[in-house]
Amino acid sequence: MNHGTFPVRTAEHVVLLRREVCRLSRELSFPPLDETRLLTATSELARNTYVHGGGGEVKIEQVAADGRQGLRITFRDRGPGIVDTNLAMRPGYTTTNGLGLGLPGAKRLVDEFALHSTVGEGTVVSIVMWV
Amino acid sequence: MTVTRIPVVRIGRFLLVTIPGHADDAMIEQLQTDLLERVRDASARGVLLDVSGVEVVDSFLARSLSEIGRMARFLNAKVVVVGIQPAVAMTLVELGLKLPGVRTALNVDHGLQLLGSGGEREPANTSRSEIR
């Protein structure tokens, strides 16, 4: 089930997106710790979308497999892309004077994580959290 | 665009800030500036940052809180982050985030005790966050 696509172009959009993910996690009865993990990963990745990707959109879907429910959140931008995705996944690596924990941190917090980036075309990050 | 300001409340020699759960990056950046000016104007000796209503402390917010602590130190004020939720504490550790420059306390009462004691002695149920 598709829960819609949300623009992520400003800091405020990130908060609105977080609120929507929070609402859906409660609807699906995620344990509180998993809800916090998912919201934190969402926050990190949405910030990447508008800071590094120059803005983009985020799709939220409800997924099911093996009798389990989950949420898949896909972050898509048409920014410059990531030259070396292995390097970008290394904790502490940063191009913007940040902490370099965004991508590797988000990966650690969720059940599934996929990163696809093409230089000059953009970046897509998809995460799934199962109930 | 005008940024919504997070209120800073004065309690004697201390300042109290309740970080709203819906605070965005721009509001946090504005708070950094506002708070340092208030510390100077009020000659505040300490600042309590109450995050009990915050469900998400990501790398940006963690870095901002830590920066506030280190900046306030230059103005001779100590910063105590109070009310970190258990789930937030676990997520911070999983993310590998630290809060250098600030101390932590369970709630506002403990935070005030910590500031009141001049930070020399730690009351029960408070801890010193990692100091570089």
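## Worked exercises on a two-chain model

**Exercise 1.** Decide whether His3(A) is buried or exposed, and then describe its surroundings.

*Solution.* His3(A) has a relative accessible area of 17%, so it counts as buried, a word that here means under 20% relative accessible area, while exposed means over 50% and partly exposed lies in between (1.4 Å probe, protein chains only). Before going on, note that this is a predicted model, in which local features need pLDDT of at least 70 and side-chain atom pairs count only at pLDDT 80 or more, whereas totals for chains, interfaces and linings use all residues. Residues are numbered from 1 along each chain as its sequence is written, chains are lettered from A and ligands numbered from 1 in the order in which they are written, and side-chain values use heavy atoms, with hydrogens and water left out.

The next step is to place the residue: His3(A) belongs to strand 1 of chain A, residues 2-8, where strands (E, at least two residues) and helices (H or I, at least four residues) are DSSP runs numbered from the N terminus. Beyond its neighbours within four places in sequence, His3(A) is in contact (heavy atoms within 4.5 Å) with Leu24(A), Ile60(A), Glu61(A) and Gln62(A). With the side chain of Gln62(A), the side chain of His3(A) also makes a polar contact, at 3.0 Å. A polar contact is a pair of N or O atoms within 3.5 Å; within protein, one must be able to donate a hydrogen and the other to accept it, and residues adjacent in sequence count only if both atoms are side-chain atoms.

**Exercise 2.** Describe how chain A and chain B meet, and find which helix of chain A gives the largest share of its side.

*Solution.* Begin with the extent of the interface: 25 residues of chain A and 21 residues of chain B take part, and the two chains bury about 1900 Å² between them, 55% of it on carbon and sulfur atoms. Buried area is the accessible area (1.4 Å probe) that two parts lose on being put together, summed over both.

Next come the links across the interface, where 4 salt bridges are found, a salt bridge being a side-chain nitrogen of Lys or Arg within 4 Å of a carboxyl oxygen of Asp or Glu. Arg37(A) forms a salt bridge with Glu94(B), the closest N and O atoms being 2.6 Å apart. There are also 9 residue pairs in polar contact across the interface, both residues at pLDDT 80 or more.

On the side of chain A that touches chain B, the elements giving two or more residues are helix 1 (11-27), helix 2 (32-51) and helix 4 (102-109). Helix 2 of chain A gives the largest share of that side, 10 residues.

**Exercise 3.** Follow Asp25(B) from its own helix to its partners in chain A.

*Solution.* Asp25(B) stands in helix 1 of chain B, residues 25-41, and with a relative accessible area of 13% it is buried. Leaving aside neighbours within four places in sequence, Asp25(B) is in contact with Ala11(A), Arg47(A), Tyr50(A) and Phe60(B). Its side chain makes a polar contact of 2.6 Å with the side chain of Arg47(A).

**Exercise 4.** Which residues of helix 3 of chain B are buried, and what do they pack against?

*Solution.* In helix 3 of chain B, residues 86-95, the buried residues are Ala87(B), Val88(B), Thr91(B), Leu92(B) and Leu95(B). Around the axis they cover an arc of only 140°, which puts them on the same side of helix 3 of chain B; the arc is that of the directions from the helix axis to the C-beta atoms. The face turned away from this buried side carries the exposed residues Pro86(B) and Val93(B). The buried residues of helix 3 of chain B pack against helix 2 and helix 4 of chain A, together with helix 2 (59-74) of chain B.

**Exercise 5.** Locate Ser29(A) and Asp66(A), and state the sign of phi in each.

*Solution.* Ser29(A) is in the loop between helix 1 and helix 2 of chain A, and its phi is positive, near 60°. Asp66(A) lies in the loop between strand 2 (56-65) and strand 3 (68-77) of chain A, with a positive phi near 50°. For background, most residues other than glycine have a negative phi. Ser29(A) is exposed, with a relative accessible area of 51%, and Asp66(A), at 80%, counts as exposed too.
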